[in-house]
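Got the viewer open and a hand on the mouse? Here is a walk through the model, one selection at a time.

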Amino acid sequence: MNNPTSQAELVRRSLKRRYRKERRFRLYGMIAVAIALLSLLILFADIIQKGHTGFLKTTITLDVELDGELMYLTDPTDRDEMAMADFTAPILAALKAQFPDVEGRAAERELSRLVGTYAASDLRDLLRAEPGLLGTTQTLEFLAHDTVSVYVKHADNPRYTVRLSDQQKQWVDELQARGVIDTSFNDVLFQNGDSREPANAGILGAIVGSMLTMLVTLVLSFPVGVAAAIYLEEFAPRNRLTDFIEVNINNLAAVPSIIFGLLGLAVFIGAFGMPRSVPVVGGLVLALMTVPTIIISSRAAIKSVPPSIREAAEGIGASRMQVVLHHVLPLAMPGMLTGSIIVMAQALGETAPLLLIGMVAFIVDIPDGLFDAATVLPVQIYLWASSAEQGFIELASAGIMVLLTFMISMNALAIWLRKRLERRW
Amino acid sequence: MQTANLLPLVLILAAVAFWLSFQRSRAVAAPLGGVRHLKALPTHYAARAALWSAIPGLVLLGLWAGFEGKVIHSIVMASLPEGMAPDSAGQASLLFTQISNVARGSLNPDLAPEAVVQAAALLENLREQSRVFKTVLVILVTVLGAAFAWFRVAPHVNARNSVETTLRRIFFVCAAVAVLTTMGIVFSVIFETIRFFGRVPITEFLFGTSWSPQTALRPDQVGADGAFGVIPLFTGTLLISVIALLVAVPTGLLSAIYLSEYAGKRARSVIKPLLELLAGIPTVVYGFFAALTVAPFIRDLAESIGLTASSQSALAAGLVMGIMIIPFVSSLSDDVINAVPQSLRDGSLALGATQSETMKKVIFPAALPGIMGGILLAASRAIGETMIVVMAAGLAANLTANPLESVTTVTVQIATLLVGDQEFNSAKTLSAFALGMLLFIVTLILNVIALKVVRKYREQYE
């Protein structure tokens, strides 16, 4: 027999060991949570760090003399003359006014490359809209060339290469000192569609495309999902067919989203001959994808309505359909709505199926209808992120920030609605 | 009228039918001494009229919109003279684009061949006719349905039964949409897959170790057939998924345990929504993060310790995918752990076990089947994930197990083969559908097993 003191000692020692293990296990848990939260933090920090400059545009403000002789233009209302006129000349002249000692063709060409590619066509649009400006001097704001923009915003960022000559850099520095070149809030981002030039590219087209697509998705999937949930919870007999439907719903909720893209490609575009790249087809595909999830969340909402409500309604002679439509559905509606908002937020970020149905096209115009070629926000981000042009990276990150803002506000709305409308029985 | 305008019109007509029948049922009831002498409530008569006008109108409209394009297309193509008839599907589509461009006015008719101009005129004509017929027929059907219901408003007709039966059938059809979707998926991949196997033997597809789906521009080109062996794609998918699960399963499981057993109420109420936020981030954002931040970081890190890593390493894609799946694993494990009865917990604690011992020796074994089911679901997620790998993994099909090398996956290949313009009927395009079929089958099997395991586990403790 061991003596009692050593036995107590043994127990104490084993207890010590066990508590150490307990603390270690607890630490593992904390580390796991920390890893998850840290990843989230790094992800957000990285995107903000990459993308905050996307909300800035670089502009050059010049006093442009709209000299008719210089442009070979006498009458801005004449279409042929407008087509032939030289709109770069007055801009170059205005730039040369900043640097009077610039001589020679090569130097002039370098100087003229400080303003963006679309400066001349902006000037043309201005004259077309207001022909009376011909012959006057106007203070005009142009978007700077993309290379200038990279230099101004990212001169000391090693990830960017500045493609300016030393002479051009000197000019830009000087113009910045004079206040001619400046950065301001990038309103272009929220006014334009896609463009080949990062400075002129915007996400408005993609936002409108996303809205149209989501509209189709919501209009189709919410009623169908709710109706299916009502059937399965309230009317479905317990038989093989019902079981089969349930198995299908649960499986579809876990099918990879790209498979729905194949479905859309083969059925809507292939069999029905619908056009590619249009919000209707995108909305249809996303609707098929979201219906199972909406059914599942709506069923949960219906289940949470207590049976006493049903019994009371039936007790005063309501038919099964009246019980459901007059009592169960209104009480379950808040839950269904919040569930659907969350599902819609997920659908808003969905990319893969839309790639397959051709929503990756390069689309400059803002779509103005359900049958108009469009792209959506996540696809636009994908397109920009895989673009070789370095200026698009910050736009992609800025787009991500806009997308995340939409998603987080939708989720916040759902949480707020749940808190407000939730009913405890 | 356009479909987009007809749709609201049908709904408005149905609303009018509703109102008229409502009025009529009250008028019919008035001489009898009030609505209680009717077999059904006025709203039932009204709802019946709305249903009888809207349903036929909407069905007709849907069918018309679905088949209009196809029918017009085939009539126009059939009208072309002998010599113009295209010999491949690709040419046919080009020709039809030309015709519709002429019809739309965006292509100068002087530049197009005579037959195309004629076909364009026919196309325009047919479209106009179709528009007129569609508008007339849809409105007619809607109004007839409404009129029929309106005349059948009578005290002895029980409108409630018919409304309720119709509604129940509509609900059933909505529930059946899930089955139709599954069927749609199967049918949309199966035909192309069968055609693909007509060109590439199924054994070569399943057991071939080389994948390079380029097709020839000229028939006599060297290496014209391409190679369609799916093994490198599957090992690539597996490699990335295993990395993702190695990240996600321990992290997700341990955070679920920490949150359900150790964390205080305050901490939980903060951490849980943050984890859910991680789940809500779109995959394209993760793809961006993987391709532009994690992959270069891993490449530089590997270089600094003397290893060579591809700038599209499997490790980068796998790590980020793992982060994406963490909340998925943790919420599933959380459910499962919470489903273990309190009595087991109490029993273990009463015997003097510490919390971690209770967790490891009692709750975890009891919850294991459920957790396994959750992991299977997570694996199916990882295999089917597209955007992260499209953006961060490579295109070259390397048969390797080195996580620093670039691999490609099934989903990457489907996406790259089908994005943009495709050659119709080429083995390259068809192979994407065969890959889709394979992906569908594999994820289906994983899902079925996982759902079965989870359900069985739940029943055990209910």
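Start in the loop of chain A that runs between α2 (68–71) and α3 (79–84), and pick out A:Tyr72 there. Keep in mind as you go that this is a predicted model. Is A:Tyr72 buried or exposed? A:Tyr72 counts as exposed because just 11 other C-beta atoms lie within 10 Å, and the cut-off for exposed is 12 or fewer. Now check the backbone: phi of A:Tyr72 is near 60°, a positive value in a residue other than glycine. Most residues other than glycine have a negative phi.

Next, jump to the loop between α11 (257–271) and α12 (279–303) of chain A and select A:Ser277. Here again is a non-glycine residue with a positive phi, near 60°. The surroundings of A:Ser277 are buried ones, with 21 other C-beta atoms within 10 Å.

**Inside chain A**

Now select A:Thr213, which sits in helix α9 of chain A. What does A:Thr213 touch, once residues up to four places away in sequence are set aside? Show A:Pro279, A:Gly282, A:Gly283, A:Leu286 and A:Val376 to see those partners. A:Thr213 is buried, since 31 other C-beta atoms lie within 10 Å and 20 are enough to qualify. For a sense of scale, draw a C-alpha to C-alpha distance from A:Thr213 to A:Thr58: the two are 155 residues apart in sequence and 33 Å apart in space.

Zoom out and colour chain A by domain, with domain 1 at 56–185 and domain 2 at 204–421. Taken over C-alpha atoms, the centres of these two domains of chain A are separated by 46 Å.

**Where the chains meet**

Turn on both chains and select the contact, which takes 70 residues from chain A and 71 residues from chain B. Which element gives the largest share of chain A's side? Helix α1 (residues 4–51) of chain A does, with 18 residues. Colour that side of chain A by class and you'll get 52 nonpolar, 13 polar and five charged residues.

One residue to visit here is A:Ile393, in helix α17 (residues 391–421) of chain A. Leaving aside neighbours within four places in sequence, A:Ile393 is in contact with A:Lys50 and, across in the other chain, B:Leu292. A:Ile393 counts as buried because it has 21 C-beta neighbours inside 10 Å. Now add A:Gly51: its C-alpha is 7.6 Å from that of A:Ile393, though their positions lie 342 residues apart along the chain.

**The nonpolar cores**

Select the largest nonpolar core, which has 184 residues. Those with the most contacts inside this core are A:Ala228, B:Phe288, B:Ala290, B:Ala317, B:Val320, B:Ile388 and B:Ala392. Helix α9 (residues 204–235) of chain A gives the most to the core, with 16 residues. Apart from this core lies another, of 32 residues, with A:Leu66, A:Ala119, A:Leu175 and A:Ile181 among them. In soluble globular proteins, nonpolar side chains tend to be buried together.

Centre the view on B:Ala290. Beyond neighbours within four places in sequence, B:Ala290 is in contact with B:Ala295, B:Ala316, B:Ala317, B:Val320, B:Ile388, B:Met391 and B:Ala392. Then look along α9(B), which bends by about 40° at B:Ala290. That helix, residues 283–304 of chain B, has 22 residues and reaches 30 Å from its first C-alpha to its last, close to the 32 Å expected. Just after α9(B), stop at B:Gly306, where phi is positive at about 85°.

**Along chain B**

Follow helix α5 (residues 159–199) of chain B from end to end. The end C-alpha atoms of this 41-residue helix are 59 Å apart, which agrees with the 60 Å that it should span at 1.5 Å a residue. Where is the kink in α5(B) centred? Select B:Val177: the kink there is about 30°.

Now go to B:Ala14, in helix α1 (residues 3–29) of chain B. B:Ala14 counts as buried, with 23 C-beta neighbours inside 10 Å. Not counting residues up to four places away in sequence, B:Ala14 touches B:Ala50, B:Ser53 and B:Ala54. B:Ala14 and B:Ala146 are 132 residues apart in sequence, yet 7.3 Å apart in space, C-alpha to C-alpha.

Finish by colouring the domains of chain B: domain 1 covers 3–157 and domain 2 covers 227–460. Their C-alpha centres lie 47 Å apart.

Notes: Residues are numbered from 1 along each chain as its sequence is written. Chains are lettered from A and ligands numbered from 1 in the order in which they are written. This is a predicted model: local features need pLDDT of at least 70, side-chain atom pairs count only at pLDDT 80 or more; totals for chains, interfaces and linings use all residues. Two residues are in contact if their C-beta atoms, placed from the backbone, lie within 7 Å. Helices (H or I, at least four residues) and strands (E, at least two) are DSSP runs, numbered from the N terminus. Ala, Val, Leu, Ile, Met, Phe, Trp, Tyr, Cys and Pro count as nonpolar, Asp, Glu, Lys and Arg as charged, and the others, Gly among them, as polar. Domain bounds come from an automatic or database domain assignment. A nonpolar core is a set of buried Ala, Val, Leu, Ile, Met, Phe, Trp, Tyr and Cys residues joined through C-beta atoms within 7 Å. The expected span of a helix is 1.5 Å times one less than its number of residues. The bend at a residue is the angle between axes fitted to the seven residues ending there and the seven starting there.
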